[in-house]
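Visitor: I have a structure to look at and some questions about its strands, helices and cavities. Can we go through it together?

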Amino acid sequence: MKVDGKPMRTIWVEADGTVGIIDQTKLPHRFETRKLQSLADAAHAIKSMQVRGAPLIGAAAAYGVALALREDASDANLEHACVALAATRPTAINLKWALDEMAAAVRNRPRAERVAAAYTRAAEICEEDVGINQGIGRHGLGLIEAVAIRKRPGEPVNVLTHCNAGWLATVDGGTALAPVYAAHDKGIAMHVFVDETRPRNQGAALTAWELLHHGVPHTVIADNAGGHLMQHGQVDLCIVGADRVTAQGDVANKIGTYLKALAAQDNGVPFYIGLPSPTIDFALGDGLAEIPIEERGADEVTHITGATTDDQIVTVRLTPKESRAANYGFDVTPARLVTALITERGVIEANRTALAAAFPERAARRPAVASR
Ligand code: MRU
């Protein structure tokens, strides 16, 4: 993606081995970058959501291991880094996937080779993410083209998306938004309804920001508006991302996704998941019972951050001081509500047989680091 005309990724390595990131907690008001110098910096960046989105969390964790080994390349520190990073965010399986990949890449090497091997594997994970997202874009494009054919000239295809599963959630290209960008870049008229996505507002802050920068027409809507729009025929298809998909096709994604899937089914609107294969957790079956759901601080619900008219960033309280609040980060959409999964290997049904047939090498493998 381009930021102010300059091609950019969401994570990169500086000449001194430190790791550059965009601080997503400052968007859309400020575009600021940060340098991660240590394991502690990487763990903080993931936990505080300076970097977020399942694929980017995986990439940041991979570099977190490389930074940790730079400090101490012992077995004990490798183990410590994997445990510390795995504890930062529990729902996105890409985190554990990336840590397993990193541990496998360095574990059996002499200490002197470990740092270089870690940077190499982390860079590969980033490249793989970019390639995967291009595949999702290519395969999802066909679904959008099929809708566009039925439109009058110039009439846009209306997509509804939730949270941010775009460029900012990945190393580059996005997952759910990859087909939208592919269609827009091909000249298909697109319009995206962007759920604001309380409480962290990844839709209002991040999806809107990146669509704006790429020139894709969009409208930010309150989280509860999607059902109304679907009832009135204003949404052609929903495309959302995923933080973890089980072997049977249940989908954990940002809180509120399930309600959109229900509304989509009631109104005959196709509900697609843009899904990179590292997001599949073949160790789990029943998503509702087995996927750990992150609970974050209540302050994200009781308070909101924004910019004043003179561009100061401020945080204000929304609720009575005495009211309790709860902050569930994700929900699970059962496979029966998912029209199809858009993967790098094609558009597939959300069920055990289709997932195992599309990714046989993943289905046969069990992760080395605990997966829940
Ligand atoms: O809490 P976040 O911002 O890390 O959650 C990200 C999401 O849930 C996204 O919607 C997304 O679908 C997963 S990342 C491609």
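Guide: Start with a term: two strands pair if DSSP finds at least two bridges between them. Keep in mind that this is a predicted model.

Visitor: Fine. How many bridges do β9 and β12 have, and in which sense do they pair?

Guide: β9 and β12 pair in the parallel sense, over three bridges. One of the partners is easy to point at: I239 has Y272 in β12 as its bridge partner.

Visitor: And over how many bridges does β12 pair with β17?

Guide: Three bridges, and the sense is parallel. Here G274 stands opposite I342 in β17.

Visitor: Are the residues of β12 buried or exposed?

Guide: Buried, on both faces of the strand, which covers residues 271-274. F271 and I273 are on one side, while Y272 and G274 are on the other.

Visitor: Why do they split that way?

Guide: In a regular strand the side chains alternate between the two faces of the sheet.

Visitor: Switching to helices. Which residues of α6 are buried?

Guide: The helix runs over residues 178-185, and A178, P179, V180, Y181 and A183 are buried in it.

Visitor: What covers them?

Guide: The cover includes two helices, α5 (111-148) and α7 (202-214). It also includes the strands β6 (157-161), β7 (190-195), β9 (237-240) and β17 (340-343).

Visitor: What about the phi of G187, just after α6?

Guide: G187 takes a positive phi there, about 95°.

Visitor: Now the holes. How many cavities of 30 Å³ or more are there?

Guide: Three. The largest has a volume of about 170 Å³. It is lined by 20 residues, and the closest to its centre are R52, G53, A54, N164 and D243. Elements giving two or more residues to this lining are α2 (54-71) and β11 (251-254).

Visitor: Where does the largest cavity lie relative to the domains?

Guide: It lies between domain 1 (2-127) and domain 2 (133-363), because both give residues to its lining.

Visitor: What classes of residue line it?

Guide: Nine are nonpolar, seven polar and four charged.

Visitor: And what is the volume of the second largest cavity?

Guide: About 90 Å³. Its lining includes P55, N94, W97, E128, D129 and P276. The elements that give two or more residues to this lining are α2, α4 (93-106) and α5.

Visitor: Which element gives the largest share of that lining?

Guide: α5, with four residues. By class, the lining of the second largest cavity has eight nonpolar, two polar and two charged residues.

Key. Residues numbered from 1 in each chain as written. Predicted model: local features only at pLDDT ≥ 70, side-chain atom pairs only at ≥ 80, totals over all residues. Heavy atoms only, no water. Buried < 20%, exposed > 50% of the residue type's maximum accessible area, 1.4 Å probe, protein only. Contact = heavy atoms within 4.5 Å. 1 Å grid on protein atoms, 1.4 Å probe; cavity = no way out; pocket = protein on both sides within 12 Å on 5 of 7 lines; lining within 4 Å. Points joined across faces, edges and corners; volume = space filled by probe spheres on them. Nonpolar A, V, L, I, M, F, W, Y, C, P; charged D, E, K, R; others polar. Domains from an automatic or database assignment.
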